[in-house]
Amino acid sequence: MAKITFITQDKIPVVVEGEAGSVMALAVENNIAGIDGDCGGVCSCATCHVHVAQEQFALVGEASEIEKDMLELDDDANEYSRLCCQIDITPALDGLVLTVAG
């Protein structure tokens, strides 16, 4: 089980819990504002763009080349950007903080 905090675009922290699957699916199931997951989690739309807290980036690891290509199309991308459809929930993510990209 992992508790993950999403900071919405309105700066509201929302804590959700998950055991398996993608972080994007968890966000969509919990109606996290700004996480749409339009492509269903296949890394082809960037509607699940988040910024990972700098000190926690090692927990989620680097983006794949395909993910980096998608993020290049987003003006709000930075070095701590990830598509949360590409992050699998594991117990190691307990306490992860993600800011929904604007």
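## Close-up views of a predicted model

**Figure 1. The whole chain, seen from its surface inwards.** About 5400 Å² of accessible surface covers the protein, and carbon and sulfur atoms own 47% of it. Keep in mind that this is a predicted model. Its secondary structure adds up to three helices and five strands, running β-β-α-β-α-α-β-β along the sequence. The radius of gyration is 12 Å, close to the 13 Å the globule rule gives for 102 residues, so the protein is as compact as a globular protein of that length. Along the principal axes, the C-alpha atoms take up a box of roughly 30 × 25 × 25 Å. Buried residues account for 43% of the 102 residues. Looking at contacts between residues at least 6 apart in sequence, 63% of them bring together residues at least 24 apart.

**Figure 2. Inside the largest nonpolar core.** This core holds 28 residues. F6, V23, I35, L83, C84 and L98 are the members with the most contacts inside it. Two or more residues each come from β1 (2-7), α1 (23-29), β3, α2 (57-60), α3 and β5 (96-100). The biggest giver is α1, with four residues.

**Figure 3. A closer look at C84.** C84 is one of the core residues with the most contacts inside the core. Which residues does C84 touch, once those up to four places away in sequence are set aside? They are S22, V23, M24, I35, C48 and V50. Of that set, V23 and I35 also appear among the residues with the most contacts in the core.

**Figure 4. H49 and its two polar partners.** H49 sits in strand β3 (residues 49-52). Is H49 buried or exposed? With 3% relative accessibility, it counts as buried. The H49 side chain makes a polar contact with the side chain of D74 at 2.8 Å, and another with the side chain of S81 at 2.7 Å. Beyond neighbours within four places in sequence, H49 is in contact with I35, L71, D74, D76, A77, S81, R82, L83, V100 and A101. So the view takes in I35 and L83 as well, both in contact with H49 and both listed among the core residues with the most contacts.

**Figure 5. The buried salt bridge, R82 to E67.** The model has two salt bridges in total, and this view shows the one between R82 and E67, whose closest N and O atoms lie 2.7 Å apart. The pair ties together distant parts of the chain, with R82 in strand β4 (residues 81-83) and E67 in helix α3, 15 residues apart. Where do the two ends stand on accessibility, buried or exposed? R82 counts as buried because its relative accessibility is 3%, under the 20% cut-off. E67, at 1%, counts as buried too. R82 also turns up among the contacts of H49.

**Figure 6. The other salt bridge, K68 to E65.** Here the side chains of K68 and E65 meet, N to O, at 3.8 Å. Both residues belong to helix α3 (residues 65-71), and because they are three residues apart there, about one helical turn separates them. How accessible are K68 and E65? K68 counts as partly exposed at 32% relative accessibility. E65, at 55%, counts as exposed, since the cut-off for that label is over 50%.

Note on methods
Residues numbered from 1 in each chain as written. Predicted model: local features only at pLDDT ≥ 70, side-chain atom pairs only at ≥ 80, totals over all residues. Heavy atoms only, no water. Salt bridge = Lys/Arg side-chain N within 4 Å of Asp/Glu carboxyl O. Buried < 20%, exposed > 50% of the residue type's maximum accessible area, 1.4 Å probe, protein only. Polar contact = N/O pair within 3.5 Å; in protein donor to acceptor, adjacent residues only side chain to side chain. Contact = heavy atoms within 4.5 Å. Rg over C-alpha atoms; globule rule 2.2 N^0.38 Å. Areas by Shrake-Rupley, 256 points an atom, 1.4 Å probe, with all protein chains shown as cover. Core = buried A, V, L, I, M, F, W, Y, C linked by side-chain atoms within 4.5 Å.
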